[in-house]
Amino acid sequence: MCHPQLRTLVFAAWLLGYVSFLLSVRRMWSGKYVRSPVVRSLLSNMVGETEAVETLEWYRCCPDQLGEVVEPLFIQSHLDSDTKAFLKRSVEKSGWIFTQMYHSLVSSVLSPVVSRTSINGFLGRGSMFVFSADQFQKLLRIAPEWRAERLLDLGAGDGGVTEVMSGHFREIYVTEVSPPMKWHLQRKNYKLLGINEWQNSGFQYDIISCLNLLDRCEDPLLLLQDIRRSLVPHSGRLILAAVLPFQPYVEVGGKWQRPKQHIKVSGKTWEEQVTNLTNEVFVRAGFELVAVTRLPYLCEGDMYNDYYVLDDAVFVLRASESVSEKGTD
């Protein structure tokens, strides 16, 4: 008769130990000696002194190292109010100790068999931020009142970035492979298409966004070819974000592995890789550059970090009329 009580006591002791461990790790990671100078500078200047914040490495570029084709098309971006608001929300959420402990426990249990994207979708966490509405408009050189017919957001996640773009379009289409993320997208009334359906929809798109997907798919070259064929001729644009340095991996279950076919990008610096992508990969896929900028790819944090950041290059491309589609090695 005492066995159920014993199991309850063992579970309670384990749970108490787990919570204590997480709290100790939280204190360690949030200590003043562990936070990087960049993060401390950002937080201390969040409300007032923005000039120091805007000099962060997140936006820094040496345009003269981009080459004669890319340099005149580079757009300098800065930390703006929408980005600050996202960071502020992330910092606040990371301080929700009991919520973060629950998320950590669920992630520990599910991560061996479920993808990180699906875990985040199930928990309603891990929202991404690529660009603000103002940055999106500057990249496309459009006015706030500009409207077009169709947007397609490939790999839309929970639709947070889709929402930034959505006000400019009458119809919004999305793709996603994660079931929990699909649920979030359907709740927002976006038109969900299958990953093998959007290319054969019978219509074309004014804008296709492919944000941080090129290094996370099995056949990126085929993806670029399908995008090119799916754009409205002449006026259609592809807005593509890529994390640099370019390191292609795909997530299968809870494991990361190399894709069957991946793009090789040469260059050691951000500028060199942007130039190589523009002059080699995109040209051979039948695209030409319209604009490019450097932006942080931000993700909501957890109990260990207030937020996570990767280094993005965001390109605006159009189908080249003078270069036919070619295969890529």
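Two strands are taken to pair when DSSP finds at least two bridges between them. In this predicted model, that criterion places D153 opposite a partner in strand 5, where its bridge partner is S209.

**The sheet**

Eight strands are involved: the 8 strands form an open sheet in the order 1-9-10-6-5-2-3-4, and the pairing is mixed. Strand 1 (128-129) and strand 4 (191-192) stand at the edges with a single partner strand each, so one side of each has no neighbour in the sheet. At one of these edges, strand 1 pairs with strand 9 (residues 287-300) in the antiparallel sense over 2 bridges, and F129 has L298 of strand 9 as its bridge partner.

Helix 8 (residues 133-140) packs on the sheet, where it touches strand 3 (169-174), strand 5 (207-211), strand 6 (237-243), strand 9 and strand 10 (307-319), and its direction makes about 170° with that of strand 9. The buried residues of helix 8 are Q135, F136, Q137, L139 and L140, and the helix is followed by R141, whose phi is positive, near 55°. Helix 11 (residues 220-230) lies across strand 2, strand 5, strand 6, strand 9 and strand 10, and runs at about 160° to strand 5.

**Strands 2, 5 and 6**

Strand 5 has parallel pairings with two strands: with strand 2 over 4 bridges, and with strand 6 over 5 bridges. Within the pairing of strands 5 and 6, I208 has L238 as its bridge partner, while C210 stands opposite L240.

In a regular strand the side chains alternate between the two faces of the sheet. For strand 5, I207, S209 and L211 lie on one side and I208 and C210 on the other, and all of them are buried, so that both faces of the strand are covered. The count agrees with this picture, as 5 of the 5 residues of strand 5 are buried. Strand 6 is likewise described by its burial: 7 of its 7 residues are buried, so the strand is largely enclosed by the rest of the structure. From strand 6, R237, I239, A241 and V243 point one way and L238, L240 and A242 the other way, and all are buried.

**D153, a buried acidic residue**

D153 belongs to strand 2 (residues 148-154). What is the nearest side chain of opposite charge to this buried residue, and how far away is it? It is that of K188, at 9.5 Å, and D153 has no salt bridge. Because a salt bridge requires a side-chain nitrogen of Lys or Arg within 4 Å of a carboxyl oxygen of Asp or Glu, the 9.5 Å separation from K188 leaves D153 without one. The side chain of D153 does, however, make a polar contact with the side chain of S209, at 2.6 Å, and S209 is also the bridge partner of D153 in strand 5. Leaving aside residues up to four places away in sequence, D153 touches T162, M165, Y173, V174, T175 and S209.

**Salt bridges**

The structure holds 8 salt bridges, and the table lists some of them with their N to O distances.

| Acidic residue | Basic residue | N to O distance |
|---|---|---|
| E57 | R60 | 2.6 Å |
| E171 | R150 | 3.3 Å |
| D311 | R294 | 2.4 Å |

The salt bridge between E171 and R150 joins two side chains. Since E171 lies in strand 3 and R150 in strand 2, this pair ties together parts that are 21 residues apart in sequence, and both E171 and R150 are buried.

A salt bridge also links D311 and R294. D311 lies in strand 10 and R294 in strand 9, so the pair ties together parts that are 17 residues apart in sequence. Here the two partners fall into separate burial classes, for D311 is partly exposed, with a relative accessible area of 22%, whereas R294 is buried, with a relative accessible area of 11%.

In the salt bridge between R60 and E57, R60 counts as partly exposed because its relative accessibility is 42%, and E57 counts as partly exposed because its relative accessibility is 46%.

Methods:
Residues numbered from 1 in each chain as written. Predicted model: local features only at pLDDT ≥ 70, side-chain atom pairs only at ≥ 80, totals over all residues. Heavy atoms only, no water. Buried < 20%, exposed > 50% of the residue type's maximum accessible area, 1.4 Å probe, protein only. Lys, Arg positive; Asp, Glu negative; His and termini not counted. Polar contact = N/O pair within 3.5 Å; in protein donor to acceptor, adjacent residues only side chain to side chain. Contact = heavy atoms within 4.5 Å. Axes fitted to C-alpha atoms, helices over the stretch in contact; angles between N-to-C directions.
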